Amino acid sequence: MNVFLHMISYAIAKRSDSIMAEMNKMSTEIWYFSGTGQGKSLGKELGKRIMGAKLYNITPYSTRCNMNKLVENKNLILIYPVYASTVPLILQEFLNQLQAKNSNVILMILWGNAHNAHACSCAKSILSNRGFHIVGAIE
């Protein structure tokens, strides 16, 4: 877990002071999509270490359906696995429904033996097209 936290700190530290000042004013949410429980474990650990962060399990369809699709003035950490070398299709569908206003995202991509060829670029493309500012990605 500490390696992930260092990587998040590094990704954030690479941003300019003005971006950091804006990020510090926003609330933080951790969204995890997890079929095996690894994303859930990571999300819970991050939630303990990031003061005030809210944790959301976006794995269940009912949760994704009932969430507000407008993400406004938030720092989002999105944790997801690699399925068939990319973002799970059901998660891609959900991400394509979001609209961001003044929100940042850090991607945390979990993969085992699978090749993650498109898992990062796919999510970056979808989320930047939906208005998110991509702060960093951890693969």
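Me: How many aromatic pairs does a search of the whole structure find?
Reply: The structure is a predicted model. A search over the whole of this model returns aromatic pairs numbering 2.

Me: Which class describes the aromatic pair of tryptophan 31 and phenylalanine 94?
Reply: The ring centres of tryptophan 31 and phenylalanine 94 are 5.9 Å apart, with 50° between the planes. Planes under 30 degrees apart would count as stacked and those over 60 as edge-to-face, so the rest are tilted. The pair of tryptophan 31 and phenylalanine 94 is therefore classed as tilted.

Me: How many residues apart are tryptophan 31 and phenylalanine 94?
Reply: Tryptophan 31 belongs to strand 1, and phenylalanine 94 belongs to helix 5 (residues 89-95). The pair thus links distant parts of the chain, at a separation of 63 residues.

Me: Is tryptophan 31 buried or exposed?
Reply: The relative accessibility of tryptophan 31 is 2%. The limit for burial is under 20% relative accessible area. Tryptophan 31 therefore counts as buried.

Me: What is the angle between the planes of phenylalanine 33 and tyrosine 83?
Reply: Phenylalanine 33 and tyrosine 83 form an aromatic pair with 6.4 Å centre to centre. The pair is edge-to-face, a class that requires planes over 60 degrees apart. The angle between the planes is 65°.

Me: Which of phenylalanine 33 and tyrosine 83 counts as partly exposed?
Reply: Phenylalanine 33 has a relative accessibility of 3% and counts as buried. For the partner ring the relative accessibility is 39%, which lies between the limits of 20% and 50%. The partly exposed residue is therefore tyrosine 83.

Me: Where does serine 34 lie?
Reply: Serine 34 follows strand 1 (27-32) and precedes helix 3 (38-49). Its place is the loop between strand 1 and helix 3.

Me: Which backbone nitrogen does the side chain of serine 34 reach at 3.3 Å?
Reply: Serine 34 is buried, with a relative accessible area of 13%. At 3.5 Å its side chain reaches the backbone nitrogen of glutamine 38. At 3.3 Å the side chain of serine 34 reaches the backbone nitrogen of glycine 39.

Me: Which strands stand at the edges of the sheet?
Reply: The open sheet consists of 5 strands with parallel pairing, in the order 2-1-4-6-7. An edge strand here has a single partner strand, so one side of it is left without a neighbour in the sheet. The edges are taken by strand 2 (54-57) and strand 7 (133-138).

Me: What is the bridge partner of isoleucine 30 in strand 4?
Reply: Strand 1 and strand 4 (residues 74-81) run parallel and are joined by 6 bridges. In strand 4, the residue bridged to isoleucine 30 is isoleucine 77.

Me: At what angle does helix 6 run to strand 6?
Reply: Helix 6 (residues 119-129) lies across strand 4, strand 6 (104-110) and strand 7. Relative to strand 6, helix 6 runs at about 155°.

Me: What is the phi of alanine 84?
Reply: Alanine 84 is in the loop between strand 4 and helix 5, and is exposed with a relative accessible area of 76%. Most residues other than glycine have a negative phi. For alanine 84 the value is positive, near 50°.

Me: Which element has the lowest mean pLDDT?
Reply: Over the protein chain the mean pLDDT is 84, and 79% of residues reach 70 or more. Among the elements, strand 5 (residues 99-101) has the highest mean, 96. The lowest mean, 55, belongs to helix 1 (residues 2-13).

Key
Residues numbered from 1 in each chain as written. Predicted model: local features only at pLDDT ≥ 70, side-chain atom pairs only at ≥ 80, totals over all residues. Heavy atoms only, no water. Helix = DSSP H or I, 4+ residues; strand = E, 2+ residues; numbered from the N terminus. Buried < 20%, exposed > 50% of the residue type's maximum accessible area, 1.4 Å probe, protein only. Polar contact = N/O pair within 3.5 Å; in protein donor to acceptor, adjacent residues only side chain to side chain. pLDDT = per-residue confidence, 0-100. Pairing = 2+ DSSP bridges. Contact = heavy atoms within 4.5 Å. Axes fitted to C-alpha atoms, helices over the stretch in contact; angles between N-to-C directions. Phe/Tyr/Trp six-rings, centres within 6.5 Å; stacked < 30°, edge-to-face > 60°.
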